[in-house]
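Biologist: Please take one part of this structure and go through it closely, for a reader who is new to the subject. What does that part contain, and what does it touch?

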Amino acid sequence: MLQKNNDNPKKFKFHLSKNRKNIIFIMIFVLSFLSYIDLVFDVTLFKYVPLSDIFLQDRFRSQAINYIPFSDWYVDRSGMFRDVILNAILFFPFGFLLQMISKKNKICVYSFVIPLFVSIFIEVMQYVFYLGVTDITDVISDTLGAVLGCLSYMLFNTFFWKKKEKANKILLCIIGIIAIINFSLSL
């Protein structure tokens with residue numbers, strides 16, 4: 001790892017093998033992804049009731065299902081529009097991160113199918129544990145956000161096509177810093 005610099009014997013250079021660099025890349029990615037999932041669950045499932053209070057008898061309970069997409073559009077356009085935008089923004093990194101691990105620069109099916117199933121899982125858990133309204137509009141806007149994340153990552157790669165690997169590592173380091181901040185704020 002540390003090697004003496006032949007030009008100046010007092011200076012050392014830090015060298016990592018390609019395998020070790022890949023392991024560090026994977027560790028930062030996993031940390032970032034877990035931090036992101038923690039944030040998604042905090043914002044969606046545990047926004048009204050903390051995880052520690054889910055099974056308490058005297059907690060606030062709310063349960064409803066909305067099967068009609070955008071049904072609140074005529075009642076409260078600004079609120080509905082805001083919710084759709086916020087849900088899309090929340091799931092934007094999901095598509096971005098999933099597309100980042102793709103080997104090809106094409107939209108991978110799992111980059112939007114996995115967020116779709118995660119969104120459905122969140123909505124079902126909201127219903128089962130009385131944590132809010134289960135809404136098909138949320139599933140649509142979450143999936144839309146993930147697809148936009150995939151597309152933006154592909155656009156990012158077209159700008160940095162010559163130095164794609166280096167740009168990905170810099171981007172992942174930035175995401176890793178955000179993940180560390182998120183973990184420290186949630187403790």
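Modeller: A residue is called buried when its relative accessible area is under 20%, exposed when it is over 50%, and partly exposed in between. The model is a predicted one. The part I will follow is helix 2, which covers residues 77–100.

First, the setting. The chain has five helices and four strands, and from the N terminus on they come in the order β-β-α-β-α-α-β-α-α. There are 187 residues in the chain, and 35% of them count as buried. Among contacts with a separation of 6 or more, 68% are between residues 24 or more positions apart. About 12500 Å² of the chain is exposed, with 69% of that area supplied by carbon and sulfur atoms.

Now to Q99, which has its place in helix 2. Its relative accessible area is 1%, so Q99 is buried. Leaving out residues up to four places away in sequence, Q99 touches K104, K106, I107, C108, S111, C150, Y153 and M154. Part of that list leads to helix 4, which covers residues 136–159: C150, Y153 and M154 are among the residues that Q99 touches.

G95 is also in helix 2. With a relative accessibility of 0%, G95 counts as buried. Its contacts, again leaving out residues up to four places away in sequence, are S111, A146, G149 and C150. Two names, S111 and C150, appear both here and in the list for Q99. The C-alpha atoms of G95 and C108 are 9.7 Å apart, and these two residues are separated by 13 residues along the chain.

Next come the aromatic rings. A pair of such rings is described by the distance of the centres and the angle of the planes. A search of the whole structure finds ten aromatic pairs. In the pair of Y36 and F94, the ring centres are 5.7 Å apart and the planes stand at 70°, so this pair is edge-to-face. Y36 belongs to helix 1 (residues 18–44) and F94 to helix 2, so the pair ties together parts that are 58 residues apart in sequence. Both residues of the pair, Y36 and F94, are buried.

A second pair, F92 and F96, has ring centres 6.3 Å apart and planes at 25°, so it is stacked. Both of these residues lie in helix 2, four residues apart, which is about one turn of the helix. An α-helix has 3.6 residues a turn, so residues three or four places apart point the same way. Even so, the two fall in separate classes of exposure: F92 has a relative accessible area of 32% and is partly exposed, whereas F96, at 12%, is buried.

F94 also belongs to a wider group, for F29, F33, Y36, F91 and F94 form one aromatic cluster. One of its members, F29, is found in helix 1 and is buried, with a relative accessible area of 11%. Setting aside its neighbours within four places in sequence, F29 is in contact with L97, M100, I101 and L172. The C-alpha atoms of F29 and M100 are separated by 9.4 Å, although the two residues are 71 residues apart along the chain.

Last, a look at helix 4, where A146, G149 and C150 are among the contacts of G95. Helix 4 has 24 residues and reaches 35 Å from its first C-alpha to its last, close to the 34 Å expected at 1.5 Å a residue. At its start, a side-chain oxygen of D135 comes within 3.1 Å of the backbone nitrogen of T137. T143 is in helix 4 too, and at a relative accessible area of 14% T143 is buried. Apart from residues up to four places away in sequence, T143 touches F112 and L116. Just before helix 4 in the sequence is strand 4 (residues 131–135), in which four of the five residues are buried, so this strand is largely enclosed by the rest of the structure. Strand 4 pairs with strand 3 (residues 62–66) in the parallel sense over five bridges, and I65 stands opposite T134 in strand 4.

Key: Residues are numbered from 1 along each chain as its sequence is written. This is a predicted model: local features need pLDDT of at least 70, side-chain atom pairs count only at pLDDT 80 or more; totals for chains, interfaces and linings use all residues. Side-chain values use heavy atoms; hydrogens and water are left out. Rings of Phe, Tyr and Trp (its six-membered ring) pair if their centres lie within 6.5 Å; planes under 30 degrees apart count as stacked, over 60 as edge-to-face and the rest as tilted. Helices (H or I, at least four residues) and strands (E, at least two) are DSSP runs, numbered from the N terminus. Buried means under 20% relative accessible area, exposed over 50%, partly exposed in between (1.4 Å probe, protein chains only). Two strands pair if DSSP finds at least two bridges between them. The expected span of a helix is 1.5 Å times one less than its number of residues. A polar contact is a pair of N or O atoms within 3.5 Å; within protein, one must be able to donate a hydrogen and the other to accept it, and residues adjacent in sequence count only if both atoms are side-chain atoms. Contact means heavy atoms within 4.5 Å. Accessible areas come from the Shrake-Rupley method with a 1.4 Å probe; for residues, only the protein chains shown count as cover.
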